Amino acid sequence: MAELFTPASLLVTGGAGFIGSNFIHHFMAVRPHCRVVNLDLLTYAGNLENLKGVEGNPRYRFVKGDICDGALVARLLAEERIDAVVHFAAESHVDRSIEGPELFVRTNVLGTQILLEEARRHWQKGVEQFRFLQISTDEVYGSLGATGYFTEETPLATNSPYSASKAGADLLLRAYHETYGFPTLNTRCSNNYGPYHFPEKLIPLMISNIIGKKPLPVYGDGKNVRDWLHVRDHASAVERVLTQGAPGRVYNIGGNNEWQNIDIVNLVCDLLDSRLGRGAGENRSLITYVKDRLGHDRRYAIDAARIRTELEWEPSYTFEQGIAETIDWYLANREWTEKVTSGAYRDYYERMYGNRA
Ligand code: NAD
Ligand code: DAU
């Protein structure tokens, strides 16, 4: 496919987080002529350890800062002659949004509006070719029953403060396109897994707790369904949308890979039995059913026909390969988990699970 847009200087927000850091590794490897500026506040979820491989690269610059700081954003856009923004920065954990919605509105809604506004002003000063790509989530579509899929036409129907804040950002993005003709792109991806995934999320939490022989907290009946995609496949999809997507358009991203939570947890337990030299079934005995998440969405499943047919994107990982590699990565990088689970994270874990059993 012919490329519609070839970025020369990219501003990535939230590039020290799970998906942002994987995206930067992918993008810098496959786009040797593009510069990447990473703006990240380094909240509990951002970690420069994730970016070790690109640190001294002259095409890469890290800036510690807040997307809500309009003056900083404006300065970076001008100074670095940015021609594309890929916006990952967000508060991303549903359980934390239930504990404290306000920060989600500040970062995800207000932060996106500030970025959009500064980027629009920069673009209107005469940048010839420009793109603003907002990374969003399948959670904006709400919850599915046993059948059916989310398409890009599915109405937004959010159920958590997190998803509501992401939908708010998506609607602002749409408004900037409709009102100002600003060249936006919007991706909505399903659950990611892979290296550098913060261990508050299901898969890395289970791996970390199994290694530590701690209880494995499964919410409710464990039968909620998520559609899992390897994070590097998400990165390649974002690159494809950035360079070939049509401005104003939304693209769902997913891998047709639905799993009930309890089946994922059992699988991770079994794959770790042999790797940790434990007996068959030993890790499953750690599974503990706990109180359900409030407003817990039952099922997510993405119809990714648009990106597959219009942009000819395909995922490259099978789940079998991806989950085995991910488990091996966590086993080989135990000190990474140690470093990112700081005192502040331990307090959160105590609050979240201490009285939940
Ligand atoms: P993450 O929580 O791992 O990382 C978020 C990053 O944003 C961190 O590095 C953090 O320091 C940074 N950040 C937070 N507030 C900031 C601010 N005010 N200014 C600058 N930086 C700030 O998140 P993730 O899982 O990598 O998700 C990245 C994006 O992808 C999010 O927008 C999320 O909604 C979306 N998404 C995630 C998934 C998933 O499965 N994790 C799936 C679909 C979409
Ligand atoms: O669908 C995309 C979304 O996926 C992203 O937008 C979010 O940023 C990302 O966090 C993720 O949201 P989920 O809520 O689906 O992911 P999480 O890993 O928190 O939970 C996955 C499922 O596992 C969900 O049904 C809740 C359940 N769960 C989670 C945790 C942390 C448990 O049963 N036990 C747990 O301890």
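Helices here are DSSP runs of at least four residues and strands are runs of at least two, numbered from the N terminus. Keep that in mind for Lys213, which sits in the loop between α6 (202-211) and β8 (216-219). We'll come back to this lysine after a look at the whole chain. One thing to know before you start: this is a predicted model.

Start with the overall build. The chain has twelve helices and twelve strands. Its radius of gyration is 20 Å, and the globule rule gives 21 Å for 357 residues, so the chain is as compact as a globular protein of that length. If you want a feel for the dimensions, the C-alpha atoms fill a box of roughly 65 × 45 × 40 Å along the principal axes.

What about the inside and the outside? Of the 357 residues, 57% are buried. The accessible surface comes to about 14,500 Å², and carbon and sulfur atoms account for 51% of that. On the charge side, there are 39 positive and 45 negative charges, and their mean positions lie 3 Å apart. As for how the chain folds back on itself, take the contacts between residues at least 6 apart in sequence: 82% of them join residues at least 24 apart.

Now for the cysteines, since a bench person will probably ask. How many disulfides does the count come to? It comes to zero. Two cysteines worth pointing out are Cys34 and Cys68. Cys34 has 2% relative accessibility and Cys68 has a relative accessible area of 17%. Both values fall under the 20% cut-off, so these residues count as buried.

Next, have a look at His122, which belongs to helix α4 (residues 101-124). Is it buried or exposed? With 10% relative accessibility, His122 counts as buried. Leaving aside residues up to four places away in sequence, the side of the story to check on screen is its set of contacts: His122 touches Leu77, Ala78, Ile82, Val127 and Phe130.

Ser143 makes a good counterpoint. You'll find this serine in the loop between β5 (131-137) and α5 (161-180), and it is partly exposed, with a relative accessible area of 36%. Which residues does Ser143 touch, not counting those up to four places away in sequence? They are Phe150, Asn159, Asp297, Arg298 and Arg299. Gly295 also belongs in this picture: it is 152 residues from Ser143 in sequence, yet the C-alpha to C-alpha separation is 9.9 Å.

That brings us back to α6 and the lysine after it. Seven of the ten residues of α6 are buried, so this helix is largely enclosed by the rest of the structure. The buried ones are Ile203, Pro204, Leu205, Met206, Ile207, Asn209 and Ile210. After α6 comes Lys213, with a positive phi near 55°. Lys213 is not a glycine, despite that positive phi. At 52% relative accessibility, Lys213 counts as exposed, whereas the seven helix residues just listed are buried.

Lys213 has a companion in this respect. Glu312, also a residue other than glycine, has a positive phi near 55°. To find Glu312, go to the loop between α9 (305-310) and α10 (319-332).

How values were computed
Residues are numbered from 1 along each chain as its sequence is written. Chains are lettered from A and ligands numbered from 1 in the order in which they are written. This is a predicted model: local features need pLDDT of at least 70, side-chain atom pairs count only at pLDDT 80 or more; totals for chains, interfaces and linings use all residues. Side-chain values use heavy atoms; hydrogens and water are left out. The radius of gyration is taken over C-alpha atoms; the globule rule is 2.2 Å times the number of residues to the power 0.38. Buried means under 20% relative accessible area, exposed over 50%, partly exposed in between (1.4 Å probe, protein chains only). Contact means heavy atoms within 4.5 Å. Accessible areas come from the Shrake-Rupley method with a 1.4 Å probe; for residues, only the protein chains shown count as cover. Lys and Arg count as positive and Asp and Glu as negative; His and the chain ends are not counted. The place of a charge is taken as NZ of Lys, CZ of Arg, CG of Asp or CD of Glu. A disulfide is a pair of cysteine sulfur atoms within 2.5 Å.
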